[in-house]
Amino acid sequence: MCQRGLRILLSNSLPMTTHFFASKPFKISTISRFICTSSSEDNLHGLVDSDFSVPESSRVESFLAEEFAFLRDSLLETGSDTGDSVNKSVSGRCSNDAVLISDAIRNTGDGFGHKTQKFLRQFREKLNETLVVDVLSLVKNPELGVKFFIWAGRQIGYGHTGPVYHALLEVLGCGGNDRVPEQFLREIRDEDKEILGKLLNVLIRKCCRNGLWNVALEELGRLKDLGYKPSRLTYNALVRVFLEADRLDTAYLVHREMSDSGFNMDGYTLGCFVHLLCKAGRWREALALIEKEEFKLDTVIYTQMISGLCEASLFEEAMDFLSRMRSSSCIPNVVTYRILLCGCLRKRQLGRCKRILSMMITEGCYPSRRIFNSLVHAYCRSGDYSYAYKLLKKMGDCGCQPGYVVYNILIGGICGNEKLPSLDVLELAEKAYGEMLDAHVVLNKVNVSNLARCLCGAGKFEKAYSIIREMMSKGFIPDTSTYSKVIGLLCNASKVDNAFLLFEEMKSNHVVPDVFTYTILIDSFCKVGLLQQARKWFDEMVRDGCAPNVVTYTALIHAYLKARKMSSANELFEMMLSEGCIPNVVTYTALIDGHCKSGQIEKACQIYARMRGNADIPDVDMYFKIDDGNIRDPNIFTYGALVDGLCKAHKVKEARDLLDVMSVEGCEPNHIVYDALIDGFCKVGKLDEAQMVFTKMSERGYGPNVYTYSSLIDRLFKDKRLDLALKVLSRMLENSCAPNVIIYTEMIDGLCKVGKTDEAYRLMSMMEEKGCHPNVVTYTAMIDGFGKAGKVDKCLELMRQMGAKGCAPNFVTYRVLINHCCAAGLLDDAHQLLDEMKQTYWPKHMAGYRKVIEGFNREFIISLGLLDEIAENVAVPIIPAYRILIDSFCKAGRLELALELHKEMSSCTSYSAADKDLYSSLIESLSLASKVDKAFELYADMIKRGGIPELSIFFYLVKGLIRINRWEEALQLSDCICQMDIHWLQVEETSLKGEEFGKVPVP
């Protein structure tokens, strides 16, 4: 709005006289009269009605015009006209008499001469403080202002007051560091010496209020030079300004002069003085000063002293003064307690805060809402979440209901740390959240994410989802960051199926995933082997214009290498370089680790050599097209990956040499490197070398951990050195390192292998008592031990225990138990176990997908298309169980069941070399049972599936024909065999039964 238009509006709607402001309420129909858009026109035609008035019966809310005066003044002062418009705005606040007088003084032109004074005579009876102040504010001219001030002081019935002196000083321009010109002071002194003394005292006090203690000292000197004395008010102002400037010694000098002049400090100045003395730890001087001033201690002075002592961290003395206060019948008030509480809180004296809070609440003095908020924040920072929650509950009892701030402080304090809270502390956050909802309060965006993160970390995924949905119903809009955090937590907790669903929900809510979200998912799915889905997301992000970063590329390249898909890994690396994404040391470490895990140790070593600067290795040139030495320096993780790979490839000597290289290069090995070396030496049976690495590891300050002990114990049990294994176990317990499920399993397996199954079973019971639950490997080792000891009933009992305790058997467990049941002649039990295995392992498992599929639901696997990927593989773990059972049924003469099982097995797998023995066994059993036709059907099926028969199979068929007196066919088959151009491979020993006559080579 233009300034002229605003003046018109205000002139038509706001009365302009001070008298009217004080006497009449002003009614406004709408605030929009003040909020109009600016216009190039300098008027408001059609918007301002000069005859407009608000009817008395209107229900529009009434306001005093004074309440809007600040708005009127500020808007009027914002125009471009800074001269005449300002004077008009000031005159609008002054009386008509003041305007007339000021106009006469300024415009008469006689320099406040006879003509001006004659005009002013008509106002002599109207002179008062307000009128004189208004005139001085309108005159603006120092010379004319002084003359008017002197003239007014001569008039009978009028005397200058404090505001008038201040108005004169404003006119004289002493608002800053500028001093009042001497000529004006002399003019005033010549007229009235007493008035000049008062003016100088006011001037000194004005400087003190503005904090200009140096100017105040100069004016004090001038006051004394002119023969005047400071007043009591001036001395008090001087003492206070020096106290505010933390100049105690100067304040003491002023106080001494003040005392010599017979003045005492007022209560406020004394309070400031003793506060500063106590803050400086000089509380005894403060007491002496109070005594010297003959001032009776009251609640205010005690409170100020306590405040100073708290600032000086003298809490014992502060509490002592609180006791003195009570003993002298000065009752502490809410201010006293709040000051004491805040002082302790600022210095983190949280124990004292509890005591003070208890005292003040007992005496009916309650902290303010802000203090409660600060207390909750302080106790959250100290980790005392339980007491912080109690404070939250106390707020209602103290008359201030918990609100948005304190709930967010508590929940943010619990969930905002990097480390996840304990379950009992998280429960407090959940309770506070429930109470917060009942109070219709919401969490802020950061705390929604943090609470969801902690709930996910505690496995409460559904609760996390519900919180996000509840906050969404109250206006919270999850952004990419919120979704990414929760997805990351789900992935870290191996809940990739939930992460997948949340990601789909994210996209359905039109929240665009960023590179961080995609990278979390790609990395997590790569780690669990879901490479196809990870690549799908990679292609999706590229398609949608979200550029992958070096972490994204590295995760996918690493996964391709581990899956032995070298061409895909190399293609992706080339793409990475073409997109301008520079590989870093993590990428090269992933390349080394991936090649190690895919069995290409030599190539991993070549990449490491190129990183070290060896350029004569062309086989890995593609990885080093960008010449940047900063990214090729191996770090501890690079060495760790290579050491681990070499050890797993049983190249422990090379791995040990690499340890020495690390020391030369200044790269200190960590416990992961040492553990890999110890495990490598143990795996190849070199316990002495493992012991040497163990010693070096201890010398470097790395204590053995559970993985170190696991490698040693496993080797000792395999070497049947149980005495040494128990010594290592004892040392492990001495170092407060509790065995984990892997170590327990190694010991149980080792005991079973030496026939100590009872001891192994007792150990398994003990591990459960210690809170370490056996896993499927533990149970399988124990079942195998009992089976080898001929205790098949114990094996079956353990299998039932597994199901009851929520531990699902895998195909290895089934195969071991089926084998032992068959060996013990319990073929029906074995057959039942096979049926269970078929039902639980849908529709067939491959060895490469054991870890991937275990623990996931069927719908999730189908949604990822994993079933199709599974079907393309032929490595089916259930087939060995079929073979064991078929062979056992054959030997037991139960050929119908054997044939039925063989038919099932053939329908779900192609022919393999392992099937020839099965066909041979079945054909032999059928021939001996005089079921020659069935035997010939099996022979035809074997040939059809690409099998090559052995001579023994022809022998069994001929023998079968003879047993049923089909001599002619037997002779024909024998003649055909003799006429076949086949060179039989003879074995050294032959017999009519159970011999292997030779294999039929391909003609």
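Is H650 buried or exposed? In the predicted model, H650 is exposed, with a relative accessible area of 51%; the assignment follows because exposed denotes a value over 50%. H650 lies in the loop that links α35 (636-648) with α36 (652-665). Its backbone is also notable in one respect, as the phi of H650 is near 65°, a positive value in a residue other than glycine.

A comparable description applies to R564. This residue is located in the loop between α31 (550-562) and α32 (566-578), and its phi, near 65°, is again positive in a residue other than glycine. The relative accessibility of R564 is 57%, so R564 counts as exposed.

The overall architecture provides the setting for these loops. The secondary structure of the protein consists of 55 helices and two strands. Of the 1003 residues in the protein, 47% are buried. Among contacts with a separation of 6 or more, 63% are accounted for by residues 24 or more positions apart. The protein exposes about 50,300 Å², of which carbon and sulfur atoms supply 51%.

Helix α40 was examined in greater detail. This helix spans residues 722-734 and has 13 residues. From the first C-alpha to the last, α40 reaches 18 Å, close to the 18 Å expected at 1.5 Å a residue. The buried residues of α40 are L722, A725, V728, L729 and M732. They cover an arc of only 120° around the axis, and therefore lie on the same side of α40. The spacing can be read against helix geometry: an α-helix has 3.6 residues a turn, so residues three or four places apart point the same way.

The two sides of α40 can then be set against each other. Cover for the buried residues of α40 is provided by elements including α39 (706-718) and α41 (741-753). The face turned away from this buried side carries D723, K727 and E734, which are exposed. Beyond the helix, α40 is followed by S736, and the phi of S736 is positive, near 55°.

Positive phi values thus occur at R564, at H650 and at S736. For R564, the value belongs to a residue in a loop between two helices, α31 and α32, and for H650 to a residue in the loop between α35 and α36, while S736 comes after α40.

Conventions:
Residues numbered from 1 in each chain as written. Predicted model: local features only at pLDDT ≥ 70, side-chain atom pairs only at ≥ 80, totals over all residues. Heavy atoms only, no water. Helix = DSSP H or I, 4+ residues; strand = E, 2+ residues; numbered from the N terminus. Buried < 20%, exposed > 50% of the residue type's maximum accessible area, 1.4 Å probe, protein only. Contact = heavy atoms within 4.5 Å. Areas by Shrake-Rupley, 256 points an atom, 1.4 Å probe, with all protein chains shown as cover. Expected span 1.5 Å × (residues − 1). Arc of directions from axis to C-beta.
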